Amino acid sequence: MSQRIRRVLNVAEKPSVAKAVSEILSSPRKPSMREGRSRYNKIYEFEYTICGKLCHMSFTSVTGHLMEMDFEERYRKWGSCDPVSLYELPIRKFVPDDKLDIKRTLEEEARRCDWLILWLDCDREGENIAYEVIDVCTAVNNRLQISRAKFSALIVSEIIDAVQNLIQPNKNKADAVDARQEIDLRIGASFTRFQTILLKDSFVIDVYGNDGRNMVLSYGPCQFPTLGFIVERYWEIQAHEPEEFWMINCSHASEDGTSNFNWVRGHLFDYTSAVIVYEMCVQEPTATVVNVKEQRKFKHPPHPLNTIELEKRASRYYRMSSEHTMKVAEDLYQAGFISYPRTETDSFSEKTDLRGIVQQQQQHPVWGTYAQQLLDPGTELWRNPSNGGHDDKAHPPIHPTKFSAGESNWTQDHSRVYELVVRHFLACVSQPAVGAETVVEIDIAGELFSTTGRMIIARNYLDVYRFENWGGSVIPQYVFGQQFMPTSLTLDSGITRPPPLLSEADLLNCMDKAGIGTDATMHDHIKKLLDRCYATKDANMRFSPTTLGEALVMGYDDMGYQLWKPYLRAQMELDMKDVSEGKKSKTAVLKDCLEQMESCFRDARLKKEELLKAMGIFFERSNRAGGVDQHIGGEVVRRCPVCNESDMVLRQKQDGNFMVGCLGYPQCRNAVWLPGSILEAAVTTQTCSSCTPAPVFMIQFKFRRMDIPPNFDANHLGCIGGCDNILRQLRDICGTGSRSSVSSAPTRGNGPTAASNNTQRANTTTRQGPVTCTHCRQTGHSSNECQTRMPRPQASQSRTRNPQSGETLVTCDKCGAPCPLREANTENNRGRKFYSCQSRECNFFKWADSIDTRAGTEAMGSSRSASSNTSSAARRGGRGRGRASVRGGSGSRSGGRTSRARAAPTGNTCVSATGEPISVGMECVFCGELHPASTCPSRARR
DNA sequence: GCAAGGTC
């Protein structure tokens with residue numbers, strides 16, 4: 001009796017894998033290929049025997065995720081609900097329209113098969129996509145047997161291993177991705193809607209030709225920390241206070257060449273100390289060689305190439321953006337010239353045929369000879385590649401897969417990226433460069449100086465990796481005990497410089513270290529910041545925040561939240577890891593994380609003034625409709641007890657009066673009209689302990705003193721659920737305020753209002769209730785003391801340090817703190833610079849152009865010394881005086897480079913061993929007279 | 001109109 005052939009549906013994550021695996025398994029034959037519903041996702045067919053059973057294999061693919069996650073249609077419109085409800089509203093996973101053809105293919109194939117084998121990438125996302133495929137297939141055929149193939153590279157042995165050792169899909173890993181998707185969506189959507197609605201119409205946001213009207217001020221758990229890196233570096237630069245330092249340099253010229261010796265101390269910030277040491281050296285300038293150390297040094301080739309390194313190196317070597325690099329790499333991959341370009345892996349599997357890859361490159365006109373040398377055992381150039389320590393278990397490092405000496409349809413960038421991939425690969429399998437390094441140490445009057453010479457013995461990989469260099473420097477030979485007279489001995493000054501703006505490679509580094517994004521998405525996050533006008537990239541490929549980007553980060557920072565820091569993402573990643581390892585359940589992680597973020601969102605909304613203030617620093621207020629008090633929805637107070645379908649929200653009407661109305665209006669007309677004497681009202685995170693159905697959020701009211709009787713408090717934390725006697729009394733006394741609404745109130749309510757209907761309980765409206773944290777909603781501590789809240793960033797203090805603005809330093813006349821220099825962006829003063837105190841309590845403000853430079857400098861000098869109890873400030877004072885007497889120093893210093901304290905030989909001239917005069921002098925660095933500085937009378941006076 | 005993650 002013949003065995004029934006099993007029909008197996010195989011699904012890969014991408015078309016190329018379906019093709020490659022089919023070709024491997026059907027070898028030496030070719031699989032037959034037919035079209036599916038989707039033009040990209042072909043179906044390959046062949047016979048194959050799995051564990052002794054003959055199978056008819058149909059092999060097709062998806063293109064990444066088959067499904068999307070989003071809110072139900074009715075909540076996708078921004079005005080449809082309060083953004084805070086986005087933490088609870090139902091979410092659905094569905095196949096979007098552009099993937100429906102793939103879904104149909106899967107359904108049709110699944111109906112005909114009895115076994116489904118999933119060939120998705122072996123990472124978390126792959127596992128999640130596997131379940132998306134399972135959902136679609138089992139919906140039409142619930143008898144399907146389901147298996148998972150685990151493979152880490154498209155290599156014959158790996159693939160055969162995988163198909164003969166099938167495993168089960170991993171639900172934990174898939175759950176982790178579901179949780180991540182839901183958290184990202186809820187946080188992203190809520191904060192994006194909140195800040196866009198709050199700010200877009202309240203300010204004239206005219207950044208880079210965008211008038212702001214169509215702007216989306218997005219927030220995302222990856223894009224915002226990426227912006228945070230850029231802003232933080234920018235603030236660091238602004239806050240940098242240059243400090244002058246001093247160092248002694250020595251040179252020695254002989255017939256064999258010149259050596260420049262560096263002071264082993266490096267440099268000193270204390271000028272007087274440096275001068276004293278310098279004078280000692282000048283008085284006894286004979287140098288004695290105290291150490292000659294010779295050693296062999298190696299410069300190692302890079303690890304195998306992964307995505308982030310490709311992006312970083314293309315940015316450094318070719319000034320290509322990461323986003324463009326990935327586009328070009330994708331083209332090369334699609335055309336078969338390089339391997340899959342989205343990989344974390346930087347080590348080759350032992351099974352990879354590395355020599356075969358080199359072999360392909362032997363015919364290249366430029367690096368072909370090098371490839372030939374590599375394969376020639378006589379050259380001993382070959383070395384097995386190093387292991388970078390990363391393996392995503394899904395893809396090999398990026399390497400060439402097909403030879404090309406350039407294609408007619410390639411742009412220059414295609415050629416460049418291909419060249420980088422090939423040269424990098426050839427470098428990886430090459431010996432390191434070898435050099436002989438000599439370090440010579442000399443002693444002058446007890447001070448040590450050293451110099452290093454390097455001779456390159458074998459360039460090895462450097463011959464092919466033209467992007468790297470290893471400078472050789474020749475120095476004359478020295479022997480231990482040798483003595484000589486320096487050719488020059490100078491006291492030089494330098495100045496500390498701020499770090500540079502972040503380059504693309506720096507930014508990718510920061511993201512990589514903090515776990516922001518994946519290798520496949522990092523460049524997208526960077527591009528998003530540019531698209532959203534949060535950051536710009538200058539001609540040197542370095543990033544600065546725009547005023548919009550800075551204002552947003554500043555706003556959240558001032559709220560005390562680290563939403564712009566990478567910690568939130570890092571914590572989420574840890575949680576996801578726990579879910580994927582089965583240590584935590586998806587439900588528990590979702591609950592914890594979303595509760596915390598909802599609480600954070602509510603608190604941020606209460607502190608929206610901070611965001612408005614930060615924006616107000618850079619942008620002019622707009623008189624467009626919408627904005628702060630008319631934002632859609634309002635803040636949710638409770639679920640409507642009448643219709644039980646919609647939320648009731650706090651609203652301020654155009655006439656300034658407040659009410660709490662049902663979002664289901666006009667179908668549900670339930671409303672609570674509030675006293676007309678209310679000046680301000682804001683929903684808090686505290687809930688009423690008596691009103692039902694819970695929760696009913698309490699509202700913090702501020703009444704107009706003049707409008708309420710003297711025995712009532714102007715500040716009142718009240719409840720609109722009906723339990724609040726004070727609110728009821730004030731409403732009786734003051735009316736509902738809105739002259740027009742008084743008569744309309746009864747008609748709008750569909751029944752008795754909640755306030756008049758509910759059972760009232762005396763004394764439940766506490767004026768001095770227990771302290772409640774607005775962050776975690778627990779009682780007994782304030783939000784500032786909350787343990788669950790992430791610590792306030794120390795880095796924000798850097799912004800409170802002195803900014804560097806030429807020689808100008810302005811301190812607050814109230815608190816004495818240094819004030820950062822900012823640039824106004826209002827219509828009347830756009831581009832005008834000003835100083836303002838970081839502390840808003842001080843209210844200190846000064847236009848930069850209103851400060852008289854001369855008088856200002858004097859005043860600043862005094863304020864600087866007034867607040868300068870630190871040693872650093874003392875150093876500043878000392879240097880300031882010293883600087884005035886150093887000739888030739890201050891002029892060149894403004895260029896920011898190391899300047900010579902001594903320009904020319906004077907007075908006492910030493911003679912070198914060769915009889916030439918050497919430029920050491922006894923000109924006093926304080927007063928310029930010819931005597932040692934240590935005996936200077938002017939110094940003594942000071 | 002919102003996120004981040006796959007992928008073409």
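This is a short tour of a predicted model, with a stop at DNA strand B and a stop at a pair of helices.

Before you click, note that residues are numbered from 1 along each chain as its sequence is written, and chains are lettered from A in the order in which they are written. Local features need pLDDT of at least 70 and side-chain atom pairs pLDDT 80 or more, while totals for chains, interfaces and linings use all residues, and side-chain values use heavy atoms, without hydrogens and water.

**Stop one: the DNA**

Select DNA strand B and show what is near it (a heavy atom within 4 Å). You should find 43 residues, and the closest are T63, K99, C222, Y340 and H525. Of the strand's atoms within 4 Å of the protein, 62% belong to sugar or phosphate and the rest to bases.

Now zoom in on M69, where a polar backbone atom is 3.0 Å from a base nitrogen of DNA strand B. Next, pick R180: one of its polar side-chain atoms lies 3.3 Å from a sugar or linking oxygen of DNA strand B.

Colour α5 (171-199) next; helices here are DSSP runs of H or I, at least four residues, numbered from the N terminus. Helix α5 gives nine residues, the largest share of the surface near DNA strand B.

**Stop two: two helices**

Select α6 (residues 223-239) and α15 (residues 547-559), whose axes come within 10 Å and cross at roughly 95 degrees. Axes are lines fitted to C-alpha atoms over the stretch in contact, with angles from 0 to 180 degrees between N-to-C directions. That makes α6 roughly perpendicular to α15 (65 to 115 degrees). Show side chains at the contact (heavy atoms within 4.5 Å): among them are F224 and W235 of α6 and L552 and Y556 of α15.

Notes: A polar contact is a pair of N or O atoms within 3.5 Å; within protein, one must be able to donate a hydrogen and the other to accept it, and residues adjacent in sequence count only if both atoms are side-chain atoms. Angles under 35 degrees count as roughly parallel, over 145 as roughly antiparallel, 65 to 115 as roughly perpendicular and the rest as oblique.
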